[in-house]
Amino acid sequence: MDAASALADLTEICSQVEAAVVIDEQGVVLASTLPAESGTERLARAGTELLEAARSPVGTEARAVSRLEVALREGSVFTLTEDGLAIIARTSPSPSSGLVLHDLRTCLRVVAESRKKPKPRRRAPKRKQEVSDA
């Protein structure tokens, strides 16, 4: 299943997700539920900047952040990273955070699996037929 199909499934299963974007580790958008490119870029940039701010060093140590929720009165923004990918989602007000994070993680894992190259199949060695002298 490709990233666009995974996002379509996500929005069908999780009614709290209003919009979502999947990006790779370079910030390239792989798929979006938003029709306009400007909205897609804005959501991707917001999620990336939120993660960067959360990871910024406190004292001398940077923090490892793999998931983030920013709750606002109008709704929340979730960001989840895994396997070199990130998903950023905008939700309705007062979402069930645990459920949204579970659905986002499931979606991201489906996308990650679809990006893995299939391993080449090894052919079994041909068996030599023995010839009998009978």
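This passage walks through a strand at the middle of two hairpin pairings, two loop residues with positive phi, a buried helix residue and the main pocket of a predicted model.

Strand S4 (75-82) is a good place to start. Seven of its eight residues are buried, so S4 is largely enclosed by the rest of the structure. On one side, S4 pairs with strand S3 (residues 67-72) in the antiparallel sense, over six bridges. Within this pairing, Glu69 has Phe78 of S4 as its bridge partner, and the hairpin that joins S3 to S4 runs through two residues. S4 also pairs with S5, again antiparallel and over six bridges. Here Thr79 sits opposite Ile88 of S5.

The hairpin of S4 and S5 likewise has two residues between its strands, and this is where Asp83 takes a positive phi near 55 degrees. As a rule, most residues other than glycine have a negative phi. Asp83, in the loop between S4 and S5, is therefore worth a look, and with a relative accessible area of 60% it counts as exposed, the cut-off being over 50%. Ser94 also goes against the usual sign, with phi near 50 degrees in a residue other than glycine. Ser94 belongs to the loop between S5 and helix H3 (97-115), and at 71% relative accessibility it is exposed.

Thr40 gives a view from the other end of the accessibility scale. This residue lies in helix H2, and its relative accessibility is just 6%, so it counts as buried, which takes a value under 20%. Leaving aside residues up to four places away in sequence, Thr40 touches Val21, Val29, Ser32 and Leu34.

Next comes the empty space. Rolling a probe the size of a water molecule over the atoms shows where such space is left. The largest pocket has a volume of about 210 Å³. Of the 15 residues that line this pocket, Glu25, Leu51, Arg55, Thr81 and Ala86 are the closest to its centre. Four elements each give two or more residues to the lining: strand S1 (17-24), helix H2 (37-55), strand S4 (75-82) and strand S5 (85-91). H2 gives the most, with four residues. Sorted by class, the lining is an even split, with five nonpolar, five polar and five charged residues. S4 and S5 thus turn up twice in this account, as partners in an antiparallel pairing and as contributors to the pocket lining.

Technical notes:
Residues numbered from 1 in each chain as written. Predicted model: local features only at pLDDT ≥ 70, side-chain atom pairs only at ≥ 80, totals over all residues. Heavy atoms only, no water. 1 Å grid on protein atoms, 1.4 Å probe; cavity = no way out; pocket = protein on both sides within 12 Å on 5 of 7 lines; lining within 4 Å. Points joined across faces, edges and corners; volume = space filled by probe spheres on them. Nonpolar A, V, L, I, M, F, W, Y, C, P; charged D, E, K, R; others polar. Buried < 20%, exposed > 50% of the residue type's maximum accessible area, 1.4 Å probe, protein only. Contact = heavy atoms within 4.5 Å. Pairing = 2+ DSSP bridges.
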